[in-house]
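Dear colleague,

I am handing over the structure below, and after it I set out what was found there. Please keep it open beside this message as you read.

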Amino acid sequence: MDIFLLMKLLGTLLVLLNIVDPCVSTPCTFENSNICGYKQDKKDDFDWTRSTGETPSTDTGPEQDHTKKSDKGYYMHIEASSPRLQGDKARLVSLAQSSSSSDRCVTFWYHMYGQDTGTLNVYLQSNGIIGKSVWRKKGEQGNAWRLGEFDIPAKSGRVSIVFEGIRGLGYLGDIALDDVDIKKGQCAPGSKKKSLSCDFESSNICGYTDDKTDDFDWTRTSGTTPSPSTGPTNDHTVGSITVLHLYSKYLYKNDTNNDLSIPCLNTITS
């Protein structure tokens, strides 16, 4: 037998036996029906679903995948419609990641939109035992794909990544997952830096407040600004006229050619 064919067959066998991760540095986009070797947990209440385009219910779930940003691209999601009940859990389990002497960073994109959205948890599982949550998000996070990340510490042994979606109060609570990636090194090397991302989609505008000592206020809005030939036509987050951004109302009133917009703000704080 050709040595290269033998090596390929051996590598495939190791993946099928869940002994090694097939491609650590390549994102799992869920475009392939084998969903990168992820398995549905047999001890949960229901399964994740591989989908394209919109989820069945309106006013919840993504309109398209994150990878291709198209209704042709695939992603995984939990469907919150009947017969699901509040508190029902669906777990998606990765292949066991081989032990490493260095830290690894796991990044993924999640979508949590709908007034009844429940919880998305991420765990590390070792020898079939699920540990404490390494990442968690609860409630609606806006109609946009958002980045999540966490570290797998060095010498953690062989662990699997478990994504757990929990159904919220009602059917408007689909949760979606796409583009899971694993890279060597910490997500934030040398420190515990946190990423604060604000797209101004929520009416509390991420806690920002108007300065009381200035001359005028910023306005939260959507779509185009009122004046022609100035301002954005849509927001930056998902390129939609229905997602919100800010523009300067004062500049609109006094200089129709100088609307100033801040559609998305990303800062790193120590």
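In this predicted model, the charged end of R50 is placed over the ring of Y74, at 3.6 Å from the centre of that ring.

Rings also meet other rings here, and the count of aromatic pairs comes to eight. One of them is formed by F108 and F150, whose ring centres are 6.3 Å apart and whose planes make an angle of 55°, so that the pair is classed as tilted, a class that lies between stacked, under 30 degrees, and edge-to-face, over 60. Because F108 belongs to strand β5 (residues 104–112) and F150 to strand β8 (residues 146–152), this pair ties together parts of the chain that are 42 residues apart in sequence. As to their surroundings, F108 counts as buried, with a relative accessibility of 0%, and F150 counts as buried too, with a value of 5%. Both residues also belong to a cluster that is linked by ring pairs and that takes in F30, Y38, F108, Y110, W135, F150 and F163.

Strand β5 comes up again with the disulfides, of which the count is two. One of these joins C105 to C187, with a distance of 2.1 Å from sulfur to sulfur. It links distant parts of the chain, since C105 is in strand β5 while C187 is in the loop between β10 (175–184) and β11 (194–198), and the two cysteines are 82 residues apart. The torsion about their S-S bond is about 105°, and the disulfide is therefore right-handed. C105 is buried, because its relative accessible area of 9% falls under the 20% that sets the limit.

The other disulfide is formed by C28 and C36, with their sulfur atoms 1.9 Å apart, and this link is right-handed as well, with 100° about the S-S bond. Are its two cysteines buried or exposed? C28 is buried, with a relative accessible area of 6%, whereas C36, at 29% relative accessibility, counts as partly exposed.

Turning to the strands, β4 (residues 89–93) is mostly covered, as four of its five residues are buried. Strand β4 pairs in the antiparallel sense with strand β1 (residues 39–40), over two bridges, and it also pairs in the antiparallel sense with strand β9 (residues 160–166), over five bridges. One residue of β4 can be followed through both pairings: V93 is the bridge partner of K39, and in β9 the bridge partner of V93 is V162.

Finally, please look at T117, which lies in the loop between β5 and β6 (119–126). Although T117 is in a loop, it counts as buried, with a relative accessibility of 9%. The side chain of T117 reaches the backbone oxygen of G114 at a distance of 2.6 Å. When its neighbours within four places in sequence are left aside, T117 is in contact with M112, G139, E140, G168, L172, G173 and I175.

With kind regards

Notes:
Residues are numbered from 1 along each chain as its sequence is written. This is a predicted model: local features need pLDDT of at least 70, side-chain atom pairs count only at pLDDT 80 or more; totals for chains, interfaces and linings use all residues. Side-chain values use heavy atoms; hydrogens and water are left out. Rings of Phe, Tyr and Trp (its six-membered ring) pair if their centres lie within 6.5 Å; planes under 30 degrees apart count as stacked, over 60 as edge-to-face and the rest as tilted. Buried means under 20% relative accessible area, exposed over 50%, partly exposed in between (1.4 Å probe, protein chains only). A charge sits over a ring if NZ of Lys or CZ of Arg is within 6 Å of the ring centre and within 35 degrees of the ring normal. Two strands pair if DSSP finds at least two bridges between them. A disulfide is a pair of cysteine sulfur atoms within 2.5 Å. A polar contact is a pair of N or O atoms within 3.5 Å; within protein, one must be able to donate a hydrogen and the other to accept it, and residues adjacent in sequence count only if both atoms are side-chain atoms. Contact means heavy atoms within 4.5 Å.
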